[in-house]
Amino acid sequence: MAVTLPSIRPQVSEAPRKITVLGSTGSIGRNTVDLIERNPEAFEIGALTAHRNVAVLIEQARRLQPSVAVVADESCYGELKDGLAGTGVDVAAGREALIEAAGRPVDLVMAAIVGAAGLAPTLAAIRGGATIALANKETLVCAGAFMVSEVERHGATLLPVDSEHNAIFQVLESHQPDAVERVILTASGGPFRQFSKEEMTGVTPQQAVAHPNWDMGAKISVDSATMMNKGLELIEAHHLFGLPEARIDILVHPQSIIHSMVAYVDGSVLAQLGQPDMRTPIAYALAWPARMAAPVERLDLASIGQSCFEAPDPVRFPALRLARWALSMGGCAPTVLNAANEVAVQGFLDGANTFLGIAEIVERVLESIPEAALGNLDDVLAVDREARRLADRLVKSG
Ligand SMILES: NC(=O)c1ccc[n+]([C@@H]2O[C@H](COP(=O)([O-])OP(=O)(O)OC[C@H]3O[C@@H](n4cnc5c(N)ncnc54)[C@H](OP(=O)(O)O)[C@@H]3O)[C@@H](O)[C@H]2O)c1
């Protein structure tokens, strides 16, 4: 079992918890802000950060009064400064400012930036020994072994926010790791679960981002439609729970009521259930090791009536096969998978490549980059850059 997840529960303090929200303007970030605003006595705010969405960042900072508001895109600095003039909130811009803000001491950092862009700020928080509520799965996919070793070295704590990993965390008997036989990640199957490969040929970004159960940012919605999201989660689970690829199953469950399960050696299977609303796992992380109220619709199994399950189809959803392949290859392969996928998903959203082209591009980039061990962060970043360069060329060549 990986040592990243805490097995000893600290005392719950009555004092307000100071929280930094990296990516506060996104889907996870806004849900986090929503929960914080409903519990004003329980929280105070360290940093709020965005990429370019200054309008939302200004609104949030005016309401929540963080110590600092940071926009990663330096060209947005003037607008942010003007928008927060007279509020007493410090403002900053640029990548270095983002990393500095992420490393400031707080009780909990919500890591909700999308993609590998979140790696450096999340590492800054880890190096400060923080408790990190990790939504940003791509960081663990592209630099998992390195991140886990940094977590151990700096005494940081990772709390999974991804609903599947949060579910496993809730039902995992971490004091007896040998009793865990396997974990089962559930998957909705996405909007194209019942599409044939031919039907997937012409799907549009608009169709791909319309997830049947979850309301999420564009990138993760496309990942759910290709099922690369479940592939990324497989790699994330490997690093969080220290399990080999062969002991992590994927099960399609279109209702998204069972968020994942742990199977034990005595035949017991423990699951966490709830409505598909990210405010439940976010609330769990914000209040951990206690629980806090979340304004989510309550689960009424009688009105749901039926739940179904099926095996995933790696032929129509080749991203699952590619992710298993990358995890079993190890070394730089997961970094390549993640970088190529980020570029191909953006290409699809921009209309440059097709939906089915996403997995094709990822596969070609995986085949092109030779196996290599990743010794340090520079190695990770070099592989990430090379994979993006190759993927970008494939996107542009149509
Ligand atoms: N949404 C969900 O339900 C869900 C569920 C499980 C896991 N996750 C994971 O949580 C993470 C966030 O997902 P999301 O759906 O919330 O994404 P999102 O809605 O696209 O929000 C992404 C956030 O990251 C910021 N950002 C983007 N690029 C950045 C950059 N280069 N530098 C600094 N900040 C940057 C965005 O700022 P701007 O707004 O200024 O662009 C925004 O605040 C992803 O890793 C995703 O896989 C999400």
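**A chat about a predicted model and its ligand**

Biologist: Happy to look at this one with you! Which backbone nitrogen does the side chain of T354 reach?

Modeller: This is a predicted model, and in it T354 sits in the loop between helix 15 (333-349) and helix 16 (355-368). From there its side chain makes a contact at 2.9 Å, and the partner is the backbone nitrogen of G357.

Biologist: Is T354 buried, exposed or partly exposed?

Modeller: Buried would need a relative accessible area under 20%, and exposed one over 50%. The relative accessible area of T354 is 44%, so T354 counts as partly exposed.

Biologist: Good. How many angstroms separate the C-alpha atoms of T354 and R104?

Modeller: Along the chain, T354 and R104 are 250 residues apart. In space, their C-alpha atoms are separated by 42 Å.

Biologist: Let's step back to the whole chain. Why can it be called as compact as a globular protein of its length?

Modeller: The chain has 17 helices and eleven strands. For 398 residues the globule rule gives 21 Å, and the chain is as compact as a globular protein of that length because its radius of gyration is close to that, at 20 Å.

Biologist: And what share of the residues count as buried?

Modeller: For a sense of scale, the C-alpha trace spans about 55 × 50 × 45 Å along its principal axes. The accessible surface comes to about 16,600 Å², with 50% of it belonging to carbon and sulfur atoms. Of the 398 residues, the share that count as buried is 55%.

Biologist: Now to the ligand, my favourite part. Which residues come nearest to it?

Modeller: The shell divides into twelve nonpolar, nine polar and four charged residues. Helix 1 (27-38) and helix 6 (137-154) each supply at least two residues of that shell. Of the 25 residues around the ligand, the nearest are T25, H51, R52, N53 and E138.

Biologist: How much of the ligand's own accessible area does the protein cover?

Modeller: Let me start with the polar atoms facing ligand oxygens: a backbone N or O atom of R52 lies 2.7 Å from one, and a backbone N or O atom of G23 lies 3.3 Å from one. A polar side-chain atom of N136 is 3.4 Å from an oxygen atom of the ligand. On its own the ligand has 900 Å² of accessible area, and the protein covers 85%.

Biologist: N136 makes me curious about A111. Is A111 buried or exposed?

Modeller: A111 is found in strand 5 (residues 108-111). Beyond its neighbours within four places in sequence, A111 is in contact with residues including L22, T122, I132 and N136. Its relative accessibility is 1%, which means that A111 counts as buried.

Biologist: T122 takes us to helix 5. How many of its nine residues are buried?

Modeller: Among the buried ones are L119, P121, T122 and L123. Their cover includes strand 1 (17-22), helix 4 (95-102), strand 5, strand 6 (131-134), helix 6 and helix 17 (377-396). Helix 5 (residues 119-127) is largely enclosed by the rest of the structure, because the buried count is seven.

Biologist: One last thing: which residue with a positive phi follows helix 5?

Modeller: The phi in question is near 75°. The residue that follows helix 5 with this value is G129.

Key: Residues numbered from 1 in each chain as written. Predicted model: local features only at pLDDT ≥ 70, side-chain atom pairs only at ≥ 80, totals over all residues. Heavy atoms only, no water. Near = heavy atom within 4 Å. Polar contact = N/O pair within 3.5 Å; in protein donor to acceptor, adjacent residues only side chain to side chain. Areas by Shrake-Rupley, 256 points an atom, 1.4 Å probe, with all protein chains shown as cover. Helix = DSSP H or I, 4+ residues; strand = E, 2+ residues; numbered from the N terminus. Nonpolar A, V, L, I, M, F, W, Y, C, P; charged D, E, K, R; others polar. Rg over C-alpha atoms; globule rule 2.2 N^0.38 Å. Buried < 20%, exposed > 50% of the residue type's maximum accessible area, 1.4 Å probe, protein only. Contact = heavy atoms within 4.5 Å.
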